[in-house]
Amino acid sequence: MRKILVVGAGQSGLQLALGLQAKGYEVTLMSSRTPDEIRGGRVMSTQVMFDTALQHERDLQLNFWEQQAPKIRGLGVSVAAPDTSRAVDWLGRLKGPAQSVDQRVKMAGWLDTFTQRGGQLVVHGASVADLDFLSRAYDLVLVAAGKGELVSMFERNTARSPYAAPQRALAVSYVHGLAPRPEHPGTEAVRCNLVPEVGELFVMPTLTTSGRADILFWEGVPGGPLDVFRGVNDPSEHLELTLGLMEKFTPWEYARATKVELTDAGGTLAGRYAPVVRNPIGRLPGGGLVLGVADVVVANDPITSQGSNAAAKCAASYLSSILMHGDRPFDEAWMKATFDKSWFTSGRPVTQWTNAMLGARPEYVARLIRAAGQLQPVADRFANGFDNPADFDGYFYDAEDTADYLAEVAESESVSVSGSGSASEA
């Protein structure tokens, strides 16, 4: 029986560990916290998972919360005008429901499942020295812990990492009491509110430790009016800042948030990090090799809601590569091929799209976003790009491709698409 060490108990590490365990591998999992410590801790993310990523969980029969979590059937985009009205407002329909499960719920539950199924759990924050010692006892070491000392083993790939500094300041609040959007009272949806030159507010339903809730998530341009959460440690102050910014920049969202309260004392999070792609193979002091997983080696800004999706897809790809490799050594060539397979199928499309959304949006992209308000097929296609980011390659990155696509849809819908408006409106 092949022995594999998985370091890190997030979406990718746990999904991989449970998948390998189900296939008969002897798996040891290292986590820095116990399940109870995770449940009682601070929120860790703003995860929304779309249908393809959720299917990987279903394939492993790990979709424990699918019936409890809100079924997200739409994705809407609103763009603030200079007078704080909505210059753009539309809702795209998802082909398959998305969902969000608080990682405190999911990761603690999956950890319990791993140990109940006989897996060896080591609760310890691993160091490079630890892995150097432990690696000799395993056929393969997978590093899925995306922070701390271990990340230093994986060199930054400058050609794939255009940003050297954080592009957004992040602030998250989990709340109860958010009223539905009055124009779509029966539809659970992710709402993307774009405030030109200021940042973005995302609103999304979730399942948390206390039941159904909503996530209010600001992404602020560094140094701008949303970049005010650094050093704010009091959860109540954090929420008050969040609501004040909503009232100023997205009053249509604030109108339904006047009665919200935090889900719990750990329901806020703030921070920032630079998007980065790293080389996937880490070298230990004793000469051993380890393979980086998911955001250890491909860490994108959450502006496109891809973190958990990319982690699930990476874990599924790595699992397939391990199973197909049989009893052969997990050498450097195999590690490179395994990462390349994941990168070109899912990592690169996500990185390309996310980096584009972080930059200044050209006029043709602004026109595309406006046109989605007139053409439902465009809204639907854009929304479903969150499930399959590779689809954006056909119409999002080139002005001529965008124009051809909009003309084609307008003709089929017998609609004239307005070209008016400025890039600053989207």
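# Briefing on a predicted 426-residue protein

The protein exposes about 17,300 Å², and carbon and sulfur atoms supply 50% of that area. The coordinates are a predicted model, with an average pLDDT of 96. Twelve helices and 16 strands make up the secondary structure of the protein. Of the 426 residues, 55% count as buried.

**Overall form**

- The radius of gyration is 22 Å, which agrees with the value near 22 Å that a compact globule of 426 residues would have.
- The C-alpha trace spans about 65 × 45 × 40 Å along its principal axes.
- Contacts between residues at least 6 apart in sequence join residues at least 24 apart in 77% of cases.
- Side chains carrying charge comprise 39 positive and 49 negative ones, and the centres of these two sets lie 3 Å apart.

**Confidence**

- A pLDDT of at least 70 is reached by 97% of the residues.
- Residues 420–424 stay under a pLDDT of 50, and the model has eleven contacts for this segment beyond four places in sequence.
- Where pLDDT is low, predicted coordinates should not be read in detail.

**Helix H10 and its surroundings**

- Helix H10 covers residues 363–371, and its buried residues are Val365, Ala366, Leu368, Ile369, Arg370 and Ala371.
- Arg370 is thus listed among the buried residues of H10, alongside Ile369 and Ala371.
- On the strand side, the buried residues of H10 pack against E3 (72–80), E4 (86–98) and E8 (189–195).
- On the helix side, the packing partners of those buried residues are H11 (376–384) and H12 (399–413).

**Ala189 in strand E8**

- Ala189 lies in strand E8, one of the elements against which the buried residues of H10 pack.
- Ala189 counts as buried because its relative accessibility is 9%, below the 20% cut-off.
- Leaving out residues up to four places away in sequence, Ala189 touches Ile72, Gly74, Leu75, Leu91, Val203, Met204 and Pro205.
- Ala189 and Lys71 are 118 residues apart in sequence, yet their C-alpha atoms are 8.4 Å apart in space.

**The loop between E16 and H8**

- Pro302 sits in the loop between strand E16 and helix H8, and the loop between E16 (298–299) and H8 (307–325) also holds Ser305.
- Pro302 is buried, with a relative accessible area of 16%.
- Contacts of Pro302 beyond four places in sequence are with Leu170, Phe217, Glu219 and Tyr273.
- The C-alpha atoms of Pro302 and Thr46 are separated by 8.0 Å, although their positions lie 256 residues apart along the chain as sequence separation.
- Ser305 is buried too, at a relative accessible area of 9%.

**Positive phi outside glycine**

- Most residues other than glycine have a negative phi.
- Ser305 has a positive phi of about 55 degrees and is not a glycine.
- Thr84, likewise not a glycine, has a positive phi of about 70 degrees.
- Thr84 is placed in the loop between E3 and E4.
- With a relative accessible area of 30%, Thr84 is partly exposed, whereas Ser305 is buried.

**Phe154 in the loop between E6 and E7**

- Phe154 belongs to the loop between strand E6 (140–143) and strand E7 (169–176).
- Although placed in a loop, Phe154 is buried, with a relative accessible area of 3%.
- Among the residues that Phe154 touches beyond four places in sequence are Arg278, Asn279, Pro280, Ile281 and Gly282.
- Phe154 also touches Val143, Val290, Leu291, Gly292, Val296 and Val297.
- The C-alpha atoms of Phe154 and Ala379 are 39 Å apart, with a separation of 225 residues along the chain.

**Lys23 in the loop between H1 and E2**

- Lys23 is located in the loop between helix H1 (11–22) and strand E2 (26–31).
- Lys23 is exposed because its relative accessible area is 54%, over the 50% cut-off.
- The C-alpha atoms of Lys23 and Gly359 are separated by 43 Å, and the two residues are 336 apart along the chain.

How values were computed. Residues numbered from 1 in each chain as written. Predicted model: local features only at pLDDT ≥ 70, side-chain atom pairs only at ≥ 80, totals over all residues. Heavy atoms only, no water. Helix = DSSP H or I, 4+ residues; strand = E, 2+ residues; numbered from the N terminus. Rg over C-alpha atoms; globule rule 2.2 N^0.38 Å. Buried < 20%, exposed > 50% of the residue type's maximum accessible area, 1.4 Å probe, protein only. Contact = heavy atoms within 4.5 Å. Areas by Shrake-Rupley, 256 points an atom, 1.4 Å probe, with all protein chains shown as cover. Lys, Arg positive; Asp, Glu negative; His and termini not counted. Charge placed at Lys NZ, Arg CZ, Asp CG, Glu CD. pLDDT = per-residue confidence, 0-100.
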